[in-house]
Amino acid sequence: MTVAPVRVDPPFTDGERAALAAWLDLHRATLLVKCAGLTPEQLGERPLPPSGLSLRGLLRHMTDVERYWFARVVAGRDVPTHYWAAAEDADFDGVGADGDVPATAVPAELAAFTAEVGASRATAAGHASLDDVSAGLRHGERVSLRWVLLHMIEEYARHNGHADLLRERIDGTTGC
């Protein structure tokens, strides 16, 4: 079972950079809260047919999203992703049709997520300005750090909405 992190509400009067970082961290913590207290089997459940979404799949997806945007795009490093390299949608997959998840997989996946979040924070902190442009490209274009932070907030917000529905369907838990 995973343990819920403490969610910290963003301050009401922060400057732009601190506010973006605080909102992104709130969304990162929200995903972990949605996964907390569940068994590996529950994390792998796909309770909303015909959708194949699971909380485990969302966690794996966001691990690769963190790596893609911060390591590959912002930093311009040619690093492999954790799950995408295997096949399209391999991040969302990785469980059997019955939701079977090896108990040893989840701790490693949570550790990978936590490590990517730490690396992403370090990459962002290495840039003096939100206007700094990426070393890597997204669809042939450079993007600003501000754009990436805003996109990440949007990405988490969308998937945390999915996580809300999945968690409620698994055990009735709502809210954060």
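Helix axes here are lines fitted to C-alpha atoms over the stretch in contact, and angles run from 0 to 180 degrees between N-to-C directions. This is a predicted model, in which local features need pLDDT of at least 70, side-chain atom pairs count only at pLDDT 80 or more, and totals for chains, interfaces and linings use all residues. Residues are numbered from 1 along each chain as its sequence is written, and side-chain values use heavy atoms, leaving out hydrogens and water.

**View A. H3 packs against H5 at about 175 degrees.** The two axes lie 10 Å apart. That angle makes H3 roughly antiparallel to H5 (over 145 degrees). By class, their contact (heavy atoms within 4.5 Å) has 16 nonpolar, 4 polar and 3 charged residues.

**View B. The end of H5 leads to Gly172.** With 27 residues, H5 spans 38 Å from its first C-alpha to its last, close to the 39 Å expected at 1.5 Å a residue (1.5 Å times one less than the number of residues). Just after this helix, Gly172 takes a positive phi of about 85 degrees.

**View C. Helix H4 covers residues 105-125.** Among its buried residues (under 20% relative accessible area, 1.4 Å probe, protein chains only) are Val106, Leu110, Phe113 and Val117. The buried residues of H4 cover an arc of only 155 degrees around the axis, which puts them on the same side of the helix. They pack against H1 (16-35), H2 (40-44), H3 (55-74) and H5 (145-171). Turn to the opposite face and you will find Pro107, Thr114, Ala122 and Ala125, which are exposed (over 50%).

Terms used:
Helices (H or I, at least four residues) and strands (E, at least two) are DSSP runs, numbered from the N terminus. The arc is that of the directions from the helix axis to the C-beta atoms. Angles under 35 degrees count as roughly parallel, over 145 as roughly antiparallel, 65 to 115 as roughly perpendicular and the rest as oblique. Ala, Val, Leu, Ile, Met, Phe, Trp, Tyr, Cys and Pro count as nonpolar, Asp, Glu, Lys and Arg as charged, and the others, Gly among them, as polar.
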